[in-house]
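Got your viewer open and a selection box ready? Load the model and follow along, stop by stop.

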Amino acid sequence: VQLQASGGGSVQTGDSLRLSCVASGRTFSRHAMGWFRQAPGSKREFVALIGRNGSIGYADSVKGRFTISRDNDKNTVYLQMNSLKPEDTAVYFCAANPGGPTAVVRAWNYWGQGTLVTVSS
């Protein structure tokens, strides 16, 4: 599975962005999909996930502000980010996992190249 993330940019506090991640291949619907982020000098951390059956999970830091969704017909997973804060500044990565959805970074098999989100105050 190859993943291509896009949609990052530079915004101000309170703005919104929507990230997209397109997957290659015919097995997208059989993969859990996730979004992770990595701020400068920090470890990669879980943001949101959506399972093969549509089950969803979020990091506490983004609950109520971010929404993950998937379109299996388009092989695409989205991350709608509202009410952005400076602490959301990071490179955002999408990931795919043929196993169950998990917040454990090292459990994910496939990674996209990342898209930078910068939120200024």
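Here is a short tour through a disulfide, a sheet and a core.

Before you click, note that this is a predicted model, with local features needing pLDDT of at least 70, side-chain atom pairs counting only at pLDDT 80 or more, and totals for chains, interfaces and linings using all residues. Residues are numbered from 1 along each chain as its sequence is written, and side-chain values use heavy atoms, leaving out hydrogens and water.

**Stop 1: the disulfide.** Select C21 and C94: they form a disulfide with sulfur atoms 2.0 Å apart (the cut-off is a pair of cysteine sulfur atoms within 2.5 Å). The link joins distant parts of the chain, from C21 in strand 3 (residues 17-23) to C94 in strand 9 (residues 90-97), 73 residues apart. Strands here are DSSP runs of E, at least two residues, numbered from the N terminus. Both cysteines are buried, meaning under 20% relative accessible area with a 1.4 Å probe, protein chains only.

**Stop 2: the sheet.** Now show strands 1, 3, 8 and 7, which form an open antiparallel sheet in the order 1-3-8-7; strands pair if DSSP finds at least two bridges between them. Strand 1 and strand 7 sit at the edges with a single partner strand each, so one side of each has no neighbour in the sheet. Zoom in on strand 7 and strand 8, paired over six bridges, where F66 has M81 as its bridge partner.

**Stop 3: around L79.** Which residues does L79 touch? Skipping residues up to four places away in sequence, its contacts include W35, V47, F66 and Y92, with contact meaning heavy atoms within 4.5 Å.

Technical notes
Helix = DSSP H or I, 4+ residues; strand = E, 2+ residues; numbered from the N terminus. Buried < 20%, exposed > 50% of the residue type's maximum accessible area, 1.4 Å probe, protein only.
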